[in-house]
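Visitor: I am beginning to study protein structure and would like to be guided through one example. May we proceed by question and answer?

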Amino acid sequence: MTKPLPAVQLRVPTDEDAHAWHRVFDDPDVMEFLGGPAELSAYEEFTARQRLHDARLGYCLWTLLDSDGEVVGFTGAQPWPAEKEWGPVGEIEIGWRLGREHWGKGYAYAAALATVDRVRQAGLPRVVAMIDEANERSIAVAERLGMTLEETFPLPGGTRHGRRYALALSGA
């Protein structure tokens with residue numbers, strides 16, 4: 001029997017969420033594929049940028065809350081940064097990040113489904129997910145969503161590879 005998905009809530013990140021994200025993600029396992037834990041100032045800038053995305057685009061990386069209103073991570077979509085020297089500039093990337101204690105409970109998939117619904121309602125025709133090939137958990141979420149592998153490529157630094165998954169949203 002399939003376990004029911006946990007209830008999730010999404011909200012536009014607040015100033016306070018910068019502190020919550022910093023606390024929840026301050027773990028080498030959580031940040032293994034993202035360069036390691038970050039300083040609070042990085043999350044202050046990150047949450048401010050997400051509020052701007054929401055105001056301009058109608059979507060962002062939302063704060064992910066459990067049924068009790070506790071911050072468990074984030075999920076959502078944002079434009080791939082044009083200033084990056086690699087990756088799918090011009091594409092909208094969906095993503096999810098959870099605190100370690102919330103892994104394996106269905107939150108990432110439930111959050112990803114909510115994200116797909118919201119970006120489809122916002123009129124996006126397609127989204128991509130950029131995932132380190134060693135990140136088996138995120139690959140499993142992308143594949144469970146029905147995303148298809150479009151490309152495998154070397155990541156900056158040259159020692160690892162990434163995968164670009166895509167999902168068409170129009171007409172769905």
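**Salt bridges, rings and packing**

Guide: At 37% relative accessibility, Glu150 counts as partly exposed. Please bear in mind that the model is predicted.

Visitor: With which residue does the side chain of Glu150 meet in a salt bridge, and in which strands do the two lie?
Guide: The side chain of Glu150 meets that of Arg126, with 2.9 Å from N to O. Because Arg126 belongs to strand S5 and Glu150 to strand S6 (residues 148-154), the pair ties together parts that are 24 residues apart in sequence. The partner is therefore Arg126, and the strands are S5 for Arg126 and S6 for Glu150.

Visitor: Is Arg126 buried or partly exposed?
Guide: A residue counts as buried under 20% relative accessible area and as exposed over 50%. Arg126 has a relative accessibility of 25%, so the term that applies is partly exposed.

Visitor: Which residue forms a salt bridge with Glu151, and is that residue buried or exposed?
Guide: The closest N and O atoms of the salt bridge are 3.5 Å apart, and the partner of Glu151 is Arg164. Glu151 lies in strand S6 and Arg164 in strand S7, so this pair ties together parts that are 13 residues apart in sequence. Glu151 is partly exposed at 31% relative accessibility. Arg164 has 18%, and therefore the partner, Arg164, counts as buried.

Visitor: Which residues are linked with Arg126 in a network of salt bridges?
Guide: The count of salt bridges in the model comes to ten. The network that includes Arg126 also holds Glu91, Glu150, Glu151 and Arg164.

Visitor: How far apart are the closest N and O atoms in the salt bridge of Asp17 with Arg11?
Guide: Asp17 is buried, at 2% relative accessibility. Arg11 is partly exposed, with a relative accessible area of 31%. In their salt bridge, the closest N and O atoms are separated by 2.5 Å.

Visitor: Why is the pair of Trp21 and Phe74 called tilted?
Guide: The structure holds eight aromatic pairs, and this is one of them. The ring centres of Trp21 and Phe74 are 4.8 Å apart. Planes under 30 degrees apart would count as stacked and those over 60 as edge-to-face. The planes here stand at 45°, so the pair is tilted.

Visitor: How many residues apart are Trp21 and Phe74?
Guide: Trp21 lies in helix H1 (residues 15-25), and Phe74 lies in strand S3. Their pair links distant parts of the chain, and the separation is 53 residues.

Visitor: What kind of pair do the rings of Phe46 and Phe74 form?
Guide: Phe46 is buried at 11% relative accessibility, and Phe74 is buried with a relative accessible area of 4%. Their ring centres are 5.6 Å apart, and because their planes stand at 75°, the pair is edge-to-face.

Visitor: Which residues do ring pairs link with Phe74 into a cluster?
Guide: Two partners have already appeared, namely Trp21 and Phe46. The cluster that includes Phe74 holds these two together with Phe25 and Tyr43, so named in full its other members are Trp21, Phe25, Tyr43 and Phe46.

Visitor: The charged end of which residue sits over the ring of Phe25?
Guide: The charged end in question is 5.0 Å from the centre of the ring of Phe25. The residue is Arg97.

Visitor: Is Thr47 buried or exposed?
Guide: Thr47 lies in helix H2 (residues 40-57). Beyond its neighbours within four places in sequence, Thr47 is in contact with Pro13, Thr14, Asp17, Ala18 and Trp21. Its relative accessible area is 1%, so Thr47 is buried.

Visitor: What distance does helix H3 reach from its first C-alpha to its last?
Guide: Helix H3 (residues 107-121) has 15 residues. At 1.5 Å a residue, a span of 21 Å is expected, and the helix comes close to this by reaching 21 Å.

Visitor: How many residues does H3 give to the largest nonpolar core?
Guide: This core has 44 residues, and Met147 is among those that touch the most other members. H3 gives the most to the core, and its contribution is seven residues.

Note on methods:
Residues are numbered from 1 along each chain as its sequence is written. This is a predicted model: local features need pLDDT of at least 70, side-chain atom pairs count only at pLDDT 80 or more; totals for chains, interfaces and linings use all residues. Side-chain values use heavy atoms; hydrogens and water are left out. Helices (H or I, at least four residues) and strands (E, at least two) are DSSP runs, numbered from the N terminus. Buried means under 20% relative accessible area, exposed over 50%, partly exposed in between (1.4 Å probe, protein chains only). Contact means heavy atoms within 4.5 Å. The expected span of a helix is 1.5 Å times one less than its number of residues. A nonpolar core is a set of buried Ala, Val, Leu, Ile, Met, Phe, Trp, Tyr and Cys residues joined through side-chain atoms within 4.5 Å. Rings of Phe, Tyr and Trp (its six-membered ring) pair if their centres lie within 6.5 Å; planes under 30 degrees apart count as stacked, over 60 as edge-to-face and the rest as tilted. A charge sits over a ring if NZ of Lys or CZ of Arg is within 6 Å of the ring centre and within 35 degrees of the ring normal. A salt bridge is a side-chain nitrogen of Lys or Arg within 4 Å of a carboxyl oxygen of Asp or Glu.
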